[in-house]
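Here is a short report on one protein model. Look over the sequence and the structure first, then read on.

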Amino acid sequence: MTTPKEITPPLFALLADVTVTAQQGPTDVPVQQLTLDSRQAAPGAVFFALRGAATDGHQFIEKAVAQGVAAVVCEVLPAELNPATAYVQVPDSAEAMAHMAAAFYGHPSRSLTLVGVTGTNGKTTCATLLHKLLRELGYHTGLLSTVQNQIDEQVIPATHTTPDAIRLNELLARMVAAGCTHACMEVSSHAVVQHRTTALRFAGGIFTNLTHDHLDYHGTFDNYLKAKKGFFDSLPKTAFALTNADDKRGMVMLQNTAARRETYSLRSAATFRAKLIENAVHGLHLEIDGHDAQFRLIGVFNAYNLLAVYGAAVLLGEEPLEVLTVLSGLLSAPGRFEPVVSGKTRVTGIVDYAHTPDALENVLQTIADIRQPTQQVITVVGCGGNRDGAKRPIMAHLACQGSDRVVLTSDNPRFEDPNDILAQMQAGVKVQDQAKVLTIPDRREAIKTAVTLAGPNDIVLVAGKGHETYQEVKGVKADFDDKKVLQEMFELLGK
């Protein structure tokens, strides 16, 4: 991985913002590459020894040196040092990597109007809508999201919600080289804790909401909250911090930020205020800051997303009425309340990424708001493996509350036994709901069963994977697209 201009800065130039504990070896060597993977170590590279949950990069320093790296950045110096290699000891390798990656790629975030979106639910929708809005307003704009990364309309596949600091700065540098003036990105809690966004300069930050998620990584809800808040704590005074005033943790995000504090709300006084007039199958009707507006998106949760994006755009200096005009015509991100309607019996399939209790509850509530009394709601839902297990019975319980029939199934089991995950989900099914619940581990069969159960005009919700086009089992990703499988079953079963 090299810079867009093939620049090879000397090592010492990359250390300007790094806290260095000790240093050994030459620092005037030219740097051609940055890597945290010893398998990619090569002459002219800087290897970063990062401590991860599963592996410790310090174990691979010797291998990286043997492959001829110019320098090693680590928290503990190895016992034996190669005189031809530069060693830089730092308090935190991940933090040092972020600063050095930004410097290596010419601090690309400083050449962009960069807006970050954090929260449990709504990050992808907000980042995607803001990207689409800015494109429609005539700006060259980049996007970094769970679904995909984009440079204007060029799609670059995404592997993480927020890439590692090297990849992140490389992508931002590509945006700058392509003439982008703006960029929108999701900021995950993992990214904040792991310093992936450290050294980036943001023009603004958006907070959507905070609910139960990622406790497998953060340990406690308080740690999860602090990770999200850490993003706002790091914003400069030149930026804006826009928070959801209706979320009970919304104002916590603003407590220690140096940024300009702004709010949005559907229920109380705020910088940006909206009133919900209608939530129907054809879209939302809102009054925003006194302006009447119709939108193609559905659901109260999307009313918040639209309001957040509207507020961010206005804070970036855009004209309010023009922003509302463009937003009214936009659709959401793929796999976010995405409808698929059968040709014969008009069964409405809805594919949604809802993989947290709050997200599932929001989607089911939205369906409840727009459904007709005669329509049956059939929900297919699972929970991912090697992730927060506490939410599993809650997800099953919520599915039962909001549905006429429920099919519990596999999501991405990863390295867990799907049957163990399903047993934990089944623990949340109340006695009175057991008759309407089926458990089918095979996801394709589960979707087929749900479609079989659906009568004319019924609604089939397939929740959990959304935009994902794979299913991960024991480290192997096999092709699986909920939307395509749903369409296949509509055709196969003559729906």
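## Leu133 and the largest core

Leu133 has contacts well along the chain. Setting aside neighbours within four places in sequence, Leu133 touches Val309, Ala313, Val323, Val326, Leu327 and Leu330. This is a predicted model.

Leu133 belongs to the largest nonpolar core, which has 39 residues. Together with Phe295 and Leu327, Leu133 touches the most other members. Several elements give two or more residues to this core. The helices among them are α4 (123-136), α9 (300-315) and α10 (320-327). The strands are β6 (113-118), β12 (240-244), β14 (272-280), β15 (283-288) and β16 (291-295). Helix α9 gives the most, with ten residues. In soluble globular proteins, nonpolar side chains tend to be buried together.

## A second core and helix α12

A second core of 29 residues is separate from the largest one. Its members include Ala359, Leu398, Val429 and Val437.

Leu398 is also one of the buried residues of helix α12, which spans residues 392-402. The others are Arg392, Met395, Ala396, Ala399 and Cys400. What do the buried residues of α12 pack against? Two helices are on the list, α11 (357-370) and α13 (418-426). So are three strands: β19 (377-381), β20 (405-408) and β21 (437-439).

## Cysteines without disulfides

How many disulfides does the count come to? The count is zero. A disulfide is a covalent bond between the sulfur atoms of two cysteines. The rule asks for two cysteine sulfur atoms within 2.5 Å.

Take Cys180. Its closest cysteine sulfur is in Cys184, 9.9 Å away, so the two are too far apart for a bond. Cys180 counts as buried, at 5% relative accessibility. Now take Cys400, in helix α12. The closest cysteine sulfur to that of Cys400 is in Cys383, at 12 Å, which is too far for a bond. Cys400 has 1% relative accessibility and counts as buried because the limit is under 20%.

## The second largest pocket

The second largest pocket holds about 570 Å³ of space. Its lining has 24 residues. Which of them lie nearest its centre? They are Val281, Ile298, Phe337, Glu338 and Pro339.

Strands β17 (338-341) and β18 (348-352) are the elements that give two or more residues to the lining. The largest share, three residues, comes from β17. By type, the lining divides into twelve nonpolar, seven polar and five charged residues.

Notes. Residues numbered from 1 in each chain as written. Predicted model: local features only at pLDDT ≥ 70, side-chain atom pairs only at ≥ 80, totals over all residues. Heavy atoms only, no water. Buried < 20%, exposed > 50% of the residue type's maximum accessible area, 1.4 Å probe, protein only. Helix = DSSP H or I, 4+ residues; strand = E, 2+ residues; numbered from the N terminus. Contact = heavy atoms within 4.5 Å. Core = buried A, V, L, I, M, F, W, Y, C linked by side-chain atoms within 4.5 Å. 1 Å grid on protein atoms, 1.4 Å probe; cavity = no way out; pocket = protein on both sides within 12 Å on 5 of 7 lines; lining within 4 Å. Points joined across faces, edges and corners; volume = space filled by probe spheres on them. Nonpolar A, V, L, I, M, F, W, Y, C, P; charged D, E, K, R; others polar.
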